[in-house]
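Reader: Hey, got a minute to go through this one with me? I'd like to poke at the helix packing and a few odd residues.

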Amino acid sequence: MNQPMNQPAGHDFDQDLARALAQDRAVPVPGFAARAVLAIQADRRRRTVLRWGSALTTAAACFLAVFVLQGGADDALAQRARALAASDESAQLSDILGFADELSVLTPVIDRHSVVDVLINPDL
Amino acid sequence: MSPEELTPPEDEEDKRLMSLVASGDDDALRLLVHRHHPRLVGYLRSEVGSQATAEELAMEVFIRLHRAASRWRPEAKLTTYLIHIAHNLVLNEWRRRGRKPTSALDSTPEPGDQSHDSARRVTELDEAFRKAVALLPPEQKTAILLLVQQEMPYEEIAVAMDAPVSSVKTWIHRARTRLRELLKDYYGPA
């Protein structure tokens, strides 16, 4: 029987596949090992620099946080001062209302609300 | 002691070199790279189709191996671990390129060649095989390369591809079927 010209005699699919792929089974590259070692050494140095940089950044962040927390104490002080001033104003208002009450009792023709307005807004 | 219990000497040598690499021995590192880079580059070249890219990826494999040297467990074969890293890099490379296999061969050697030069026919057939393998889906291509080209057992292929053995066998079966279809001019219908 004549074999078709495109089918080598006695060939086997698996054998042919193995032969075709075996050509790239191992591809030695001259100088590759030396270049790889240099690349790995560079990577090692880079990672060391990154580790130190990260540690310094963390330390700086902690240092800054201490300053920020200390600044918060001043804000608390300011809030207390404002609260005291507010209580002082309310004490003054109580005085004005008390004075207005006394005036309205002593002079019934005077409107208590008018007295309060005058005392709170001296420009009137 | 049965043959299965004996550890091949090259595996023992790999373990020894890896422990030295983990302690910072660059001479051991150079020796390790020299031993393993040919097969790694060969496998990667078959995967990505470019010698330059294969060398770049192989370099990255050894960089990552070095980073993990202190964590590498000697129970795993070093060659399997190297292929595992390489396989992941190949997947990243395909994602980066967005490349998919085409549905037809780019070119096919003339099946009606009248030449009686069997060596030339073998070369054409080899080229046809390589082109056909390049068209396989990624998992099938990797599995068939690791089995046929790198002569790895199914269990090691499964570890390298991070997949069950059953999946590996399925991929290989489908790869063979697809290759027969692509090469039907040489072998007849599958």
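Reader: Let's jump right in: in which hand does H3(B) pass H4(B), left or right?

Author: H3(B) crosses H4(B) in a right-handed way. Keep in mind that this is a predicted model.

Reader: OK. At what angle do helix H3 and helix H4 of chain B pack, and how far apart are their axes?

Author: The angle between H3 (residues 51-67) and H4 (residues 78-97) of chain B is about 125 degrees, and the axes are 9 Å apart. That angle is neither under 35 nor over 145, nor within 65 to 115, so H3(B) and H4(B) count as oblique to each other.

Reader: Which residues meet there?

Author: From H3(B) you have B:Leu57, B:Glu60, B:Val61, B:Arg64 and B:Leu65, and they meet B:Leu82, B:Ile85, B:Ala86, B:Leu89 and B:Glu93 of H4(B). Sorted by class, this contact has 7 nonpolar and 3 charged residues, with no polar ones.

Reader: And which residues of H3(B) are buried?

Author: The list is B:Ala54, B:Glu55, B:Leu57, B:Ala58, B:Met59, B:Val61, B:Phe62, B:Leu65 and B:His66.

Reader: Quick geometry check: what span should the 17 residues of H3(B) have, at 1.5 Å a residue?

Author: They should span 24 Å, and the end C-alpha atoms of H3(B) are 25 Å apart, which agrees.

Reader: Nice. Now H1(B) and H2(B): what's the angle there?

Author: H1 (residues 9-22) and H2 (residues 26-48) of chain B pack at about 135 degrees, with axes 8 Å apart. H1(B) and H2(B) are therefore oblique to each other, and H1(B) passes H2(B) in a left-handed crossing.

Reader: What's in that contact, by class?

Author: Between H1(B) and H2(B) there are 7 nonpolar residues, no polar and no charged ones. On the H1(B) side they are B:Leu17, B:Leu20 and B:Val21, while H2(B) brings B:Ala28, B:Leu29, B:Leu31 and B:Leu32.

Reader: Let me zoom out. How many helices and strands does chain B have?

Author: Chain B has 9 helices and 0 strands. Out of its 190 residues, 36% count as buried. If you take the contacts in chain B with a separation of 6 or more, 62% of them join residues 24 or more positions apart.

Reader: Got one of the buried ones to look at? Say B:Val41: what does it touch?

Author: B:Val41 is found in helix H2 of chain B. Leaving out residues up to four places away in sequence, B:Val41 touches A:Val27, A:Val29, B:Ala54, B:Glu55 and B:Ala58. B:Val41 has 24 C-beta neighbours inside 10 Å, so it counts as buried.

Reader: Chain A shows up there. How many residues does each chain put into the contact between the two?

Author: Chain A gives 27 residues and chain B gives 38. On the chain A side, helix H1 (13-22) and helix H2 (32-106) each supply at least two residues. By class, that side of chain A has 19 nonpolar, 3 polar and 5 charged residues.

Reader: Back to chain B, then. Where does B:Thr142 lie, and why is B:Thr142 classed as buried?

Author: B:Thr142 lies in helix H6 of chain B. B:Thr142 is classed as buried because 26 other C-beta atoms lie within 10 Å, and the cut-off for buried is 20 or more.

Reader: What does B:Thr142 touch?

Author: Not counting residues up to four places away in sequence, B:Thr142 touches B:Glu47, B:His87 and B:Met161. B:Thr142 and B:Glu47 are 95 residues apart in sequence and 7.2 Å apart in space, C-alpha to C-alpha.

Reader: Last topic, backbone oddities. What phi does B:Glu151 have?

Author: B:Glu151 has a positive phi of about 55 degrees, although it is not a glycine. B:Glu151 is placed in the loop between helix H6 (138-149) and helix H7 (154-161) of chain B. With 13 C-beta neighbours inside 10 Å, B:Glu151 counts as partly exposed.

Reader: And B:Asp162, buried or exposed?

Author: B:Asp162 is exposed, with 9 other C-beta atoms within 10 Å. B:Asp162 also has a positive phi of about 55 degrees without being a glycine, and its place is in the loop between H7 and helix H8 (165-182) of chain B.

Terms used:
Residues numbered from 1 in each chain as written. Chains lettered and ligands numbered in written order. Predicted model: local features only at pLDDT ≥ 70, side-chain atom pairs only at ≥ 80, totals over all residues. Contact = placed C-beta atoms within 7 Å. Helix = DSSP H or I, 4+ residues; strand = E, 2+ residues; numbered from the N terminus. Nonpolar A, V, L, I, M, F, W, Y, C, P; charged D, E, K, R; others polar. Axes fitted to C-alpha atoms, helices over the stretch in contact; angles between N-to-C directions. Left-handed = near helix turned anticlockwise from the far one by under 90°. Buried ≥ 20, exposed ≤ 12 C-beta atoms within 10 Å, placed from the backbone. Expected span 1.5 Å × (residues − 1).
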